Amino acid sequence: MRKKLIILFLIFFTFSVFAQNIQFENNCIYCYRAIDTRINIREKPSTNSTILGKLSEPEIIYVNKEKSTKEWLFCYVPKINQTAYVFSEYFRETSDYNGENGTIISIEKKSNTTITTRKHNQIVSNIYLKDGKLPIYNNYDKTSNIIDILTSGSSITISKIVTKEMQSESEIWFQITINGITGWISVNRINPYYSNNYEILFYKKVNDNYFPVRKVDYSGLINLKINIYKEPDEESTVLIQPHWTFKTVKDMDGNEVSIPESQISLSSEGMLELDELWMYTVYEGIHGWVKKEEVISQRGGVEYKTPENIIIGIFTPY
C-alpha cells in the first residue's frame, strides 16, 4: 500500500512540474477568469480552428500578453494542460492565489448583492473580542439561526471568508469551527482581501526558478539614498538612485546646518520573497526592484501586511 502511495505521489509531482514548465516556458503569467459559459478553447486564433475543450465561469487561464491580440488571448489552460487560444471578450484579468488562501471558490449575484467566497485556512488562538462575545450563525446572514456564542480567549479555525457587497454597505463573514461546531461570524472590520491584497501579480524568473510577485499594500520613506535595480539582485544594473536633497540653513547660534529639503516616498506594486524581501516599484516612470528594508514605513502609514496578519489584528486588542 505504501509503495502505491509513493508511486501516486511521484506521478502527481511529475505532472505538476510538467504543467508548470508548459506555463512558464510560454511566459503565460497573467491570470484571467472566464465570465461566461461554454467558451471554446481553440488550437489557433481563429473561429475555424480545432476546438480543444470548453471553459465556464469561474475557471481560469494564464495569459501571455505579448503573444495575445485585442481579440485572441494566447494562454496556458490548466484544464487541458496545454497552450491554446480563447476569445478575449469572455475573460477578465483577475486575482490569482494559486490555490492557496484567497482563492475564489465562487461569485454569486443575488438581486443587488455580490457574494464572493474565498478559501482561507488559519488557526487563531486566544482571540480578543471588543464586546467579549459574538454570535455564531448557521449561515452568513444575521437573520439565520444563532447556534452558539463565541467568547474572548477562545481558539478558532477559519476555513472560508465571504464578502457581501451591497449598494450602500458591505459585510464580511468568517466560517469558523470551534469545539466541533461550524458556523459563521460577522466581522465588520477590514476585508483581508481588499483590492485583492496578496494576489499573485506575475511570476518572476530568478536563477531558473519562478517565484510569485504578490500584491501587498506598502509605502514608506526611503533611506537617504537607495538603488533601484533592474532585477531583484544587488549585482544587477542600477536603473536609478533616488535620494534626499538638503539645504543649508543657520541655526539659532548662527551656525550653518544641513536639513532635508525633500524626502522621497515609494509605494510597492508587488512584493517578492527570496532570501530577502524585494519590493517592485516605479519611480519617475521607471519600474525596478528595491530591497524592502530600504523603505521604512511611516508612522500611521500603510504597513506590509498579509491577509493572515490582518486577521490576527482583527482579534488582537488595540
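**Exercise 1. The largest core**

Find out which residues of the largest nonpolar core touch the most other members, and which elements each supply at least two of its residues.

*Solution.* Keep in mind that you're working with a predicted model.

Step 1: The largest nonpolar core has 36 residues, and the ones touching the most other members are Leu-150, Ile-156, Phe-174, Ile-176, Leu-266 and Phe-315.

Step 2: Now look at where the core comes from. At least two residues each are supplied by β12 (156–165), β13 (170–178), β22 (265–273), β23 (277–283) and α2 (307–314). The largest share belongs to β13, with four residues.

Step 3: Pick Leu-150 and list what it touches, skipping neighbours within four places in sequence. Its contacts include Ile-127, Leu-129, Ile-136, Ile-156, Ile-176 and Ile-185.

Step 4: Does this fit a broader pattern? In soluble globular proteins, nonpolar side chains tend to be buried together.

**Exercise 2. One side of a helix**

Work out which residues of α2 are buried, and where they sit around the helix axis.

*Solution.* Step 1: Pro-307, Ile-310, Ile-311 and Ile-314 are buried in α2.

Step 2: These residues cover an arc of only 100 degrees around the axis, so they're on the same side of α2.

Step 3: Next, see what lies over them. The cover includes β9 (113–124), β12 and β13.

**Exercise 3. A strand with two partners**

Describe how β23 pairs with β22 and with β24, and decide whether β23 is largely enclosed or not.

*Solution.* Step 1: Start with β22. It pairs with β23 in the antiparallel sense, over five bridges. One of the bridges links Glu-273 with Leu-277, and the hairpin these two strands form has three residues between them.

Step 2: Move on to β24 (residues 286–291). Six bridges join it to β23, and these strands run antiparallel too. Here Tyr-280 stands opposite Trp-289. The hairpin has two residues between its strands, and Glu-284 in the turn has a positive phi of about 50 degrees.

Step 3: Count the buried residues. Six of the seven residues of β23 are buried, so the strand is largely enclosed by the rest of the structure.

**Exercise 4. Around Ile-228**

Decide whether Ile-228 is buried or exposed, and list some of the residues it touches.

*Solution.* Step 1: Locate Ile-228: it's in strand β18 (residues 228–229).

Step 2: Check its relative accessible area. The value is 0%, so Ile-228 is buried.

Step 3: Look beyond residues up to four places away in sequence. Ile-228 touches, among others, Val-238, Leu-239, Ile-240, Leu-266, Tyr-283 and Trp-289.

Step 4: Compare chain and space. Ile-228 and Met-279 are 51 residues apart along the chain, while their C-alpha atoms are separated by 9.6 Å.

**Exercise 5. A cysteine in a hairpin**

Explain why Cys-75 is not in a disulfide, and describe where it sits.

*Solution.* Step 1: Place Cys-75 in its hairpin. Strand β5 (residues 72–77) and strand β6 (residues 82–87) run antiparallel and are joined by six bridges. The bridge partner of Cys-75 in β6 is Ala-84. Four residues lie between the strands, and Asn-81 takes a positive phi near 55 degrees.

Step 2: Find the nearest cysteine sulfur. That of Cys-28 is 6.8 Å away. A disulfide needs the two sulfur atoms within 2.5 Å, so Cys-75 is in none. Searching the whole structure gives zero disulfides.

Step 3: Check burial. Cys-75 is buried, with a relative accessible area of 0%, and Cys-31 is buried as well, at 3%.

Step 4: Finally, see which core Cys-75 is in. It's part of a second, separate core of 13 residues, which also includes Leu-55, Val-63 and Val-86.

Key. Residues numbered from 1 in each chain as written. Predicted model: local features only at pLDDT ≥ 70, side-chain atom pairs only at ≥ 80, totals over all residues. Heavy atoms only, no water. Pairing = 2+ DSSP bridges. Core = buried A, V, L, I, M, F, W, Y, C linked by side-chain atoms within 4.5 Å. Buried < 20%, exposed > 50% of the residue type's maximum accessible area, 1.4 Å probe, protein only. Contact = heavy atoms within 4.5 Å. Arc of directions from axis to C-beta.
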